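Dear colleague,

I am passing on the structure we spoke about, with the sequence alongside. Please have it open while you read the notes underneath.

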Amino acid sequence: MGHKRCRAFPALVFALLVSAPLLYGENSFALRLSPGAAIPLGDDLFVPGFGAEGAAEWAFGFSPQRRPFMGLRLGGGFFQIAVETGSPVVFTEGNLGLFFQWRAMDRLALWAEGNGGIFNYNYSWDDTTDTRLRLGGSIGADLYLTPAIALYAAAAFNWLSITPSSSINTLGINVGLRLDLLELLRRETRISGEKKTQEPVFPVSYAWYENNPLASVRVTNQEDTAISNVNLSFYLERYMVQPTLFYTIPHLKRGESVDVPITAIFNEAMMDLTENITANAALRINYQALGQVKQTELPLQMPIYNRNAMNWDDDRRASSFVSPRDPAAKLFARYVQSVTDTRLRPLNSTEGPIPRNIQYALGLFEALKLYGINYVIDPTSSYIELSESAGSMDTLNYPYQTLYYRGGDCDDLSILFCSLLEVLGIDTAFITIPGHIYMAFDSGLTGEEGREQFFLPNDLIYHGGKAWVPLETTLTGVPFYQAWQVGARQWQDAGSNRIFFPMEESWALYKPVSVSDAADKMPELPDEDSLISAIEESLDIYVSFQIRPRARELQEQIAASPSENAAMVRLNNLGSLYGKTGMLLDAETELRRIQRNAPAAVNLGNIAFVRGQYDEAENLYRESLAQEPGNILARLGLARTRYEQGDYAGAETEYRYLQNADPVLAEQYPYLGTWRETLGQPLSYSNRLSTTRWMDAYWQPEADQVSPALLVEATPLEEVTPLEEVTPLEEVTPLVEVATPTEVTQPAANSPALPAFYRVVLGDTLIRIAQRTYIYGDWTKWKLIYEANKAAFPHQNNPDFILPGMILQIPPINGETRSGTQ
């Protein structure tokens, strides 16, 4: 039994040696064919002869970089040796050998073999024949022409047993051809690709991966030789039109590895991914080995996130969600633009120019408020938390989604507002501060204009030669100007922890995208009349702050005027100031406090004209002309009113008078005198407003037609005397409380209590509030209200920054009792 085990053990070892390479190693099967010479050694009886041999070999190796290093060779052949005294001896042989091979160079391999077998010899002289044992060994070299074809040369030593007591030794020399059958039949590739790193793949940034890696692979040359022109391509079916050639390795040595980044040109089908997937991709490798082209394809698993996914490793990545092509954003923005155009305030007025960009942004802000947009914090994807971890996944909405859901968090609302403005061709930017992202837009002013012309230059951001407006879009329930003020304060408070990302620069890295099904969810547009009212109210709030210094100066002058006549002039100037900036209700309120005179009638006529109330406007212009027949602006207003009413001949009559009186002014309204050649379209509200000339003490006509009442501004107040056209002072209702009370007394039993709090209404100023009799009756006390409330002001250092709806505390000044809210 023990002997059987001993015999079985070598057989098991042989089986393992044979099976292991077949299963796990690199293999090659080749044929060798060659002629050769056989040279007898040590015996003068024989002379050299010739023959031919062939062999089939199986070579294998366990290490690809050293393949192959050993093998088995089964061969056979024949040769003859001449005998000097007779006929030649013919030898036919067969052998099995074990060989070892070493690849010395790309095209050169050296090998050594030991073999054993049998041979048959035949001597025709006496018909002698026999089969005997042979042993041998050889060394050789293979010169590879291609991976499959090689020339080889070998030298062999053979021992041939002729009789039990005699033998022949021969030296064989062969030159032949080696054919690798596996290489010929299937061009086997020996190169590996292993994925080493994987970046998150976001569909929203699909264009970004054309120049940036989505993963990396390690490519290893497992060929016996160096390889060249290694071309690496990546392909993901459905999401790519064709494979992307992303890398070329000119030369790769045997056994050498290189880590390369994978880039890809994806198509817009990526934007259809609403769920995370793991896709089956392919890595295609083409290369040349000894001049022969080889190709292989390796599978890669590629995880891809859904189209709303993103992380904050680069805040600029969010710019891809900002899309001026989003159909919902385009519809909403264009509609709001058309409505805002009808209410544009003067763009070039010296009193209160409002750049068009700011007015469009204001209109969009108020439209979103009417639409019902809300700031909603997503507890599962809050920017505050996720921005602290760059690798954390966040979910961002496209513009159409935020409109459809009517809400979003800070990044969603910033993306939406940037998209709406970009639709209108207004440049935008992202602002990031610790835990928050919001936006800014180009005001339309240069940096120099912003610093020199803007009423609050510190509320602008100066970048790239432009003056930008920072806007806190999460404040969905406040007026536009307050959202601006908060955005400016956040920028200032952040100091060095703030970053400004212009959208145009971010788009150079992360191109904007749109979603194919966005048009399926179009927004409901706000009611036009409601939107006009909201825009008007918000513009009034904005303008009230813009002109506050001048308005406050006039209010103080009115309150301090030594006479009713002087106060009337300032009051007209204040009404004109409001009118020029489109605050028509405030303008009308102030002008109607004046006993009717020519300048006031002109300005009231302007208000009616802008509103489209042409009959009333004509009556007021005629009233002014009745008092001052030479009033140039009344003539202009009457000409324009007649033109809008279709009375073109009447308009031309007034226009000819205007040309004679003030040709410079007339040149600005040529359409009034060219109606016979062409009839223009009726002026829009904003056109009527922007082209209307208001009459105040600072307007000087070209001709000598200055109203005497307006010259008061240039005369010292104490020297002003009442004019004949003005109603006697005793008949004029007092405009202001000239007396300055020094004490607030307790109210009578039947009078309203003095309020402890006051709710701000549109048009209020601290001066106007303090002047009210039930507050202090003294405009100079406005600072008391400011000091008591400035901690709650949105802009603490700006006493002019009060908004409708704010509740102000009214502190007592003489111990009086105050209660309730007025």
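The notes below cover a sheet, the helices that lie across it, and the cavities.

Please keep in mind that this is a predicted model. In the later part of the chain, 5 strands form an open sheet in the order 23-24-22-21-25, with antiparallel pairing. Strand 23 (461-463) and strand 25 (499-502) stand at the edges and have a single partner strand each, so one side of each is left without a neighbour in the sheet. On average, and with direction ignored, neighbouring strands of this sheet are turned by 35° against each other. Within the sheet, strand 21 (residues 428-433) and strand 22 (residues 436-446) run antiparallel and are joined by 6 bridges, and Ile431 has Tyr438 in strand 22 as its bridge partner.

Two helices deserve a look here. Helix 4 (residues 356-371) lies across strand 22 and strand 24 (466-471), and runs at about 145° to strand 22, whereas helix 9 (residues 480-494) lies across strands 21, 22, 23, 24 and 25, running at about 105° to strand 24.

As for empty space, a search of the whole structure finds 12 cavities of 30 Å³ or more, and the largest cavity holds about 410 Å³. It is lined by 29 residues, of which Glu53, Glu93, Ala156, Asn158 and Asn174 are the closest to its centre. Strand 4 gives the most to this lining, with 6 residues, and the lining as a whole divides into 10 nonpolar, 13 polar and 6 charged residues.

With best wishes

Definitions and conventions:
Residues numbered from 1 in each chain as written. Predicted model: local features only at pLDDT ≥ 70, side-chain atom pairs only at ≥ 80, totals over all residues. Heavy atoms only, no water. Pairing = 2+ DSSP bridges. Helix = DSSP H or I, 4+ residues; strand = E, 2+ residues; numbered from the N terminus. Axes fitted to C-alpha atoms, helices over the stretch in contact; angles between N-to-C directions. Contact = heavy atoms within 4.5 Å. 1 Å grid on protein atoms, 1.4 Å probe; cavity = no way out; pocket = protein on both sides within 12 Å on 5 of 7 lines; lining within 4 Å. Points joined across faces, edges and corners; volume = space filled by probe spheres on them. Nonpolar A, V, L, I, M, F, W, Y, C, P; charged D, E, K, R; others polar.
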